[in-house]
Amino acid sequence: MTDSKYFTTTKKGEIFELKAELNSDKKEKKKEAVKKVIASMTVGKDVSALFPDVVNCMQTDNLELKKLVYLYLMNYAKSQPDMAIMAVNTFVKDCEDPNPLIRALAVRTMGCIRVDKITEYLCEPLRKCLKDEDPYVRKTAAVCVAKLHDINAQLVEDQGFLDTLKDLISDSNPMSINKLLTALNECTEWGQIFILDCLANYMPKDDREAQSICERVTPRLSHANSAVVLSAVKVLMKFMEMLSKDLDYYGTLLKKLAPPLVTLLSAEPELQYVALRNINLIVQKRPEILKHEMKVFFVKYNDPIYVKLEKLDIMIRLASQANIAQASRVLAELKEYATEVDVDFVRKAVRAIGRCAIKVEQSAERCVSTLLDLIQTKVNYVVQEAIVVIKDIFRKYPNKYESVIATLCENLDSLDEPEARAAMIWIVGEYAERIDNADELLESFLEGFHDESTQVQLQLLTAIVKLFLKKPTETQELVQQVLSLATQDSDNPDLRDRGYIYWRLLSTDPVAAKEVVLAEKPLISEETDLIEPTLLDELICYIGTLASVYHKPPSAFVEGGRGVVHKSLPPRTASSESTESPETAPAGAPSGDQPDVIPAQGDLLGDLLNLDLGPPVSAPPLAASSVQMGAVDLLGGGLDSLIGDSNFGAPPAAVTTAAAPARLGAPVSSGLSDLFDLTSGVGTLSGSYVAPKTVWLPAIKAKGLEISGTFTRQVGSISMDLQLTNKALQVMTDFAIQFNRNSFGLAPAAPLQVHAPLSPNQTVELSLPLNTVGSVMKMEPLNNLQVAVKNNIDVFYFSTLYPLHVLFVEDGKMDRQMFLATWKDIPNENEAQFQIRDCPLNTEAASNKLQSSNIFTVAKRSVEGQDMLYQSLKLTNGIWVLAELRIQPGNPSLTLSLKCRAPEVSQHVYQAYETILKN
């Protein structure tokens, strides 16, 4: 029987009967009576006289009856405000009920009773529900706050409900995630893209939740819109990091990811290109997804060139030792491509054959055979590309394929491109002992030495020196000739420097020269164009966006990218790490720690900081290029002073203007040996300079909490020394601290420990250890640090500037030769000069002060009455800074010249110098 019977009664004296039934001892009879009351109320009858009797029915465990009573209350509370107060105790009690549905029902009804008299009684139960453990109750309480604000806005503010709502905004419960997943099936394709992007930013609490989300997102892979497909792939690629490879579901997911990616390649060329750029990233991260789909990347005759080149790249990435059959098919395809008419495509195809040989050892022999066939075609650009890649194959597989050298030498006259000529010269020099007429071949190149490109000149110089070391009696005249051309007749600093170094080596110790020049070379890596692992992880989080097409993070091309959030994949589960196999890891990826990252020339500091750098490097790269260093030559007589008298033969007199030692180690009073004559070792550190504490957060801005502090560095550890003072009238407890992302990843290494409550007028001093493994974002200024401190009263925010010298590491002393090479290698435009005034220190005092703060003196010398200190320091993120400090005895002004690959730090390093020297 339906509930319609409650609406059909026509009895007289109905109110009296209902009153009797409402007070019945039988639960069913009571429930029937309440239903009749609600029915009468619904058809417009006045049943307000039954208010006290209905309220008495609230004391029940029956959820249905409780809902009916609450419905009655909402309707009549406004007309019976005095009696509605009777229900307050029940509301309070229901808000603590074990059943979350009853707690939510109580708080929802409280929000609907729009009576001023009872709102103040409802604040306490509402506050409890806002912090309830159940997300449904919290959500209902949040809606109730909005309704209460409509009745009494001042009360909501006074009770602090707005702050509680702010905390709920960052609520991490998965209810909203479930709603998003449900909405995926109900919204348009563009709505689905937004939802999937939101899901990609969510961090599941464990692998089970990650798997659950993946299961519900997987159906999007079959969507007709390619943007939806790529967004779904992004979510799955990200959450797969949390899944164990032992799971059956993991293997199933890999199989499901391949078909939608393959389908994208049947779209228009522009969409194909976007899909291929994304697939390139996916293949580098997880090659196993598409390892059986090699055929779909074979080039079609009508593909645009940009699609062809991208397909070529992916084919080579998919070729692997575990996939020999596929690699053979790829090789056959590449041989076909090498006979196409498009010159750029043919060049790429020939290069790809070389990459295939280097990557898959079993196919190397077939690759070399294929390259020889291509050389026999005598097509000029094919021959030249083939020689370039064969040089790399020789490097990868020494003493294996050298039988082809004779064929290569036959094509010597047809080489007209610098890279091909340089490759052929390298082959002749490296295998000179196997080529009878090696000296004649190299001499033929020497005839037009000054017309060659720098690349060819450098290679020719090295090759002839190798030839001389292998056949000294036959080639002495040839090596004299090339050294003379490289040093006396050339104005290229790279070439001259290399020429002088070889000349010096050969003239002083030919045995040592042989060990250096003919040393065994390291094997070249399989993949040299892989994206750096940390950057790859970030780009995976941007699949389906412009960043995945550019293969650059948004901060690299978004103007004003300060607000760009740097994303990263979730940490891998232990089981998934332990089952990582060589076949599934991308070629060339590190097996252990991340590789050291050296800041590259020309990189902006922002780009350096956006990378999650591995351990800092121990030394910067060697370089042969020569750049003048300000007004004073670091070498005194320059590299010319390397040349001395020897039985090998001296260079022209014009070059030997500086008096030079016969051997490198001979003591002289100035010039090069001064630079190299210091004793090595770091020395004893007396501790880095510590600035006095300053007030960072005044009490007036923090409800009575005053924070002062400074930064220190001792024995390799950075600390924030804090002084907390309570100037309020209440006790402060529950302290915590958090840093915003910053330029160098500074973050607390431990919680803020205030062991006892901070009483009024009490001060406590403590030291907070810091590390540099936090999130990185370039700040303005660079050393800006934004801090949040929380206690039982509120959360307070302030920012401060940390002195850069706390980031100078203890292993910042550079080797002298390395210092010289690096100074020359850094462009002149990166040099900055500063004046430090009012600093009357002598050389020794300045050096000692700076060394105590990890600024190390590499060399010192005197030039025209000026003392010159050459110094190096290294920051925690691996950036090296080189300095020249000029001190004039009796003059309180010092001149500081700084060189760095990231010139943005120079101003802050100068400020550190000034602070240290003046205190």
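Q: What does it mean to call Glu884 and Arg886 buried?
A: Glu884 and Arg886 both carry this label, which means that each has under 20% relative accessible area, whereas over 50% would be exposed and values in between partly exposed (1.4 Å probe, protein chains only). The model is a predicted one, in which local features need pLDDT of at least 70 and side-chain atom pairs count only at pLDDT 80 or more, while totals for chains, interfaces and linings use all residues. Residues are numbered from 1 along each chain as its sequence is written, and side-chain values use heavy atoms, with hydrogens and water left out.

Q: Why is the meeting of Glu884 and Arg886 called a salt bridge?
A: The term requires a side-chain nitrogen of Lys or Arg within 4 Å of a carboxyl oxygen of Asp or Glu. The side chains of Glu884 and Arg886 meet with N and O at 2.7 Å, so this pair satisfies the cut-off. In all, the structure holds 29 salt bridges.

Q: Why do Lys466 and Glu430 count as buried, and what joins them?
A: Lys466 has 4% relative accessibility and Glu430 has 17%, so both values fall under the limit for buried residues. Their side chains form a salt bridge, at 2.7 Å from N to O. This pair links distant parts of the chain, since Lys466 belongs to helix H27 and Glu430 to helix H25 (residues 418-430), 36 residues apart; helices here are DSSP runs of H or I with at least four residues, strands are runs of E with at least two, and both are numbered from the N terminus.

Q: Why is Lys128 called partly exposed, and which residue is its salt-bridge partner?
A: Lys128 has 43% relative accessibility, a value that is neither under the buried limit nor over the exposed one, so the label in between applies. Its partner is Glu96, with the closest N and O atoms 2.6 Å apart. Lys128 lies in helix H9 (residues 123-130), and Glu96 in the loop between helix H6 (88-94) and helix H7 (100-112), so the bridge ties together parts that are 32 residues apart in sequence.

Q: What makes a set of residues a nonpolar core, and how many residues does the largest one have?
A: A nonpolar core consists of buried Ala, Val, Leu, Ile, Met, Phe, Trp, Tyr and Cys residues joined through side-chain atoms within 4.5 Å. The largest has 142 residues, and those with the most contacts inside it are Val217 and Phe394. Its largest share, ten residues, comes from helix H27 (residues 454-470). Another core lies apart from it, with 61 residues that include Leu724, Cys839, Ile879 and Tyr913.

Q: Which residues does Phe394 touch?
A: Contact is defined as heavy atoms within 4.5 Å. Once residues up to four places away in sequence are set aside, the contacts of Phe394 are Tyr401, Glu402, Val404, Ile405, Leu408, Trp426, Ile427 and Tyr431.

Q: Why is Asp838 called exposed, while His551 is called buried?
A: Asp838 has a relative accessible area of 61%, which is over the exposed limit, whereas His551, at 14%, is under the buried one, so the two receive opposite labels. Asp838 has a positive phi near 55° and is found in the loop between strand S9 (831-836) and helix H37 (843-852). His551 has a positive phi near 60°, and its place is the loop between helix H32 (546-550) and helix H33 (574-578).

Q: How do you know that strands S2 and S3 pair?
A: Two strands pair if DSSP finds at least two bridges between them. Ten bridges join S2 to strand S3 (residues 717-726), and the two run antiparallel, so the condition is met. One bridge has Phe711 with Met720 of S3 as its partner. In the hairpin of S2 and S3, two residues stand between the strands, and Val715 takes a positive phi near 50°.

Q: What makes strand S2 mostly covered?
A: Nine of the ten residues in S2 (residues 705-714) are buried.

Q: How many disulfides does the structure hold?
A: The number is zero, which means that no pair of cysteine sulfur atoms lies within 2.5 Å.
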